[in-house]
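Subject: Structure for you to look at

Dear colleague,

I am passing on a structure that I would like you to open beside this message. Please keep it in view as you read the notes that follow.

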Amino acid sequence: MLSIPRRRFLSSALIAGGAFGFSATMPAWARGAMSGSVRKGIDEVSGTSIDLAIGRGQFSTGGRSGGAIAVNGTVPGPLVRLREGQDVRLNVTNNLDEDSSIHWHGILLPFQFDGVPGVAFPGIKPGETFTAPFKVRQSGTYWWHSHSGLQEQAGHYGPIIVDPAGKDPVAFDREYIVLLSEFTPMHPHVIMKKLKQQGGGYFNYQQGTATDDYPLSGKERRMWSKMRMMATDILDVTASTYTYLINGHGPADNLELLYNPGERVRLRIINGSAMTFFNLRIPGLPMTVVQADGQNVVPVETDELQIGVAETYDVVVRPTADKAFTFVAESMDRSGMGVATLAPRAGMRAEVPALRDPPILTMADMGMGGMDHGASGGGMDQNMDHSKMSAEDMAAMDMPGMDMSGGGDMAGMDMGGMDMSGMKMRDTSMLPPDVKVGPGLDMVSMGAPDRMGYPGLGLDNVEHRVLNYQQLAALTPGKEKRTASRKMEIHLTGNMERYMWSLDGRKFSAVSDDPIRFAYNERVRVKLVNDTMMAHPIHLHGHFFELVNGQDNQPLKHTVIVQPGSSATFDLTADEVGDWAFHCHLLYHMHSGMFQIVTVASPSGAQS
């Protein structure tokens with residue numbers, strides 16, 4: 001029995017009890033016809049029939065103001081609260097002047113209700129209502145968002161909590177949703193245009209210069225320049241354009257999470273952003289991770305964790321002192337942060353830490369960590385761990401045959417005593433034959449080591465504990481005991497300068513008629529190889545997969561970060577019939593073509 005009622009929403013938002021009805025007596029915002037300001041915060045809707053209305057309005061925070069797409073009048077939209085085992089009807093009315101949709105991220109349901117236009121259904125036309133009826137088959141923390149155009153960037157997203165049918169294995173006294181996102185007054189299609197026409201570095205105000213303070217030697221700077229790459233290429237869109245939000249509140253809004261000292265406070269953290277990885281910490285207060293992507297894990301205590309776009313983590317904290325703590329959601333490139341305060345009384349504040357120095361990419365992010373360099377000679381110690389090597393470390397080595405020009409031969413290139421006359425950043429001979437080689441592929445990972453134990457860019461040298469995937473283990477053993485009957489390798493490919501993104505060298509428009517096919521109930525081991533220097537959060541709709549992370553009880557997830565120049569492997573049991581989206585969850589990468597369809601045949605062999 002909980003000692004106090006669970007807090008089921010956050011911020012100044014009002015509770016919207018039960019399901020909405022669309023009658024003439026409902027306020028305009030509930031019908032989606034918003035002409036004024038969009039409210040910040042999260043309402044709650046529940047029941048067996050839940051109504052959601054999509055509309056437009058104006059959103060403001062931190063001195064920035066612009067148009068937004070809200071659901072039931074708020075950004076984020078309302079918390080959809082369900083219970084495991086219940087039957088529910090989710091009714092979505094589109095009051096926009098364009099098509100829309102809602103994808104129920106992480107929720108298991110028939111594919112025709114999954115909410116992906118062109119894959120699962122045709123979309124929701126203006127003025128129409130779409131209904132998704134299904135039985136709730138799980139519990140945990142999830143979220144919902146648009147899968148139409150770039151509406152997700154404009155505010156079309158919200159949380160889902162599914163309470164377990166039985167006793168929750170996580171003990172807590174109070175809970176909060178912590179939904180991370182971004183706001184920009186710039187129209188998302190303008191952002192896409194600038195990225196496409198002016199290069200992936202357009203929004204990066206932290207690029208290297210001749211007088212910057214980055215710990216790069218002259219040799220390293222010349223090497224990066226000759227490769228036509230940036231060591232500071234961390235995030236495509238940054239705080240130069242974004243204000244980072246927690247439950248719709250910017251850092252200046254003084255968002256409070258109140259608690260009583262000694263309480264176990266459960267934070268249901270959702271990364272509902274379009275493009276931002278966040279590094280999460282509460283200085284002075286450890287976090288115990290109890291759930292990842294809605295699935296219970298063996299508790300892990302840590303001081304910081306990186307959360308990729310579309311991932312969720314539930315953590316429990318227990319502040320015993322009568323003091324305030326700052327919840328920090330620092331963007332991975334450290335250009336900005338979202339901020340909230342955990343406090344025993346309203347108005348209390350804790351120090352907000354300064355932004356840390358921006359991280360820089362290393363040779364490991366080119367795929368050189370774990371590479372077998374002995375095959376090409378050069379006297380390199382094959383037992384060395386190159387995963388943390390800087391360019392200067394590599395520059396001290398004799399590496400004959402290495403051409404890092406991104407394509408052509410640069411025989412005799414002098415990089416501080418490093419002979420790199422044959423190594424190619426785009427050695428396409430290393431690719432399997434099913435990867436298409438073309439202008440959309442500017443790099444091939446040379447080693448693509450598994451980096452499940454890597455905590456994330458910029459977090460490998462901090463002095464405190466940081467979570468990594470190898471620490472995650474399922475709380476209960478999985479039912480699937482079979483080994484994989486076949487293996488599959490999928491390459492994440494791109495050209496940053498041209499802002500082209502794809503899977504296996506093919507953007508979605510070129511592969512929509514050639515999906516990834518699985519037999520029903522087939523057990524497959526899938527290896528994702530990242531041939532780019534950016535981290536990609538890869539999401540599979542309709543399924544949970546098991547991370548191959550060295551644990552006996554492999555954790556279930558629906559989204560996995562594949563580190564730059566690295567690989568990640570998961571085991572999948574394809575037991576959900578239908579057509580499912582499979583894509584990078586960085587919105588502008590997906591929009592540019594890093595998207596595929598996974599087809600799972602029906603048990604009879606006929607497509608559902």
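In this predicted model, the side chain of R451 makes a polar contact with the side chain of S566, at a distance of 3.1 Å. R451 is placed in the loop between β24 (418-419) and β25 (486-495), and because its relative accessibility is 10%, which is under the 20% cut-off, R451 counts as buried.

The next thing to find is an open sheet of 5 strands, which has mixed pairing and follows the order β27-β35-β34-β29-β32. The edges are taken by β27 (516-518) and β32 (559-562), each of which has a single partner strand, so one side of each is left without a neighbour in the sheet. From one strand to the next, the twist averages 20 degrees. Within this sheet, β34 (residues 578-584) and β35 (residues 595-600) run antiparallel and are joined by 6 bridges, and G578 stands opposite V600 in β35.

Some backbone details also deserve a careful look, because most residues other than glycine have a negative phi, and most peptide bonds are trans. The peptide bond from V75 to P76 is cis, with omega near -5 degrees, and P76 lies in the loop between β5 (74-75) and β6 (79-83). N254, although not a glycine, has a positive phi of about 55 degrees; it sits in the loop between β13 (243-246) and β14 (256-258), and N254 counts as partly exposed at 43% relative accessibility. D293, also not a glycine, has a positive phi of about 55 degrees and is found in the loop between β17 (287-292) and β18 (295-302), where D293 is buried, with a relative accessible area of 0%.

Best wishes

Methods. Residues are numbered from 1 along each chain as its sequence is written. This is a predicted model: local features need pLDDT of at least 70, side-chain atom pairs count only at pLDDT 80 or more; totals for chains, interfaces and linings use all residues. Side-chain values use heavy atoms; hydrogens and water are left out. Helices (H or I, at least four residues) and strands (E, at least two) are DSSP runs, numbered from the N terminus. Buried means under 20% relative accessible area, exposed over 50%, partly exposed in between (1.4 Å probe, protein chains only). A polar contact is a pair of N or O atoms within 3.5 Å; within protein, one must be able to donate a hydrogen and the other to accept it, and residues adjacent in sequence count only if both atoms are side-chain atoms. Two strands pair if DSSP finds at least two bridges between them. Axes are lines fitted to C-alpha atoms, for helices over the stretch in contact, and angles run from 0 to 180 degrees between N-to-C directions.
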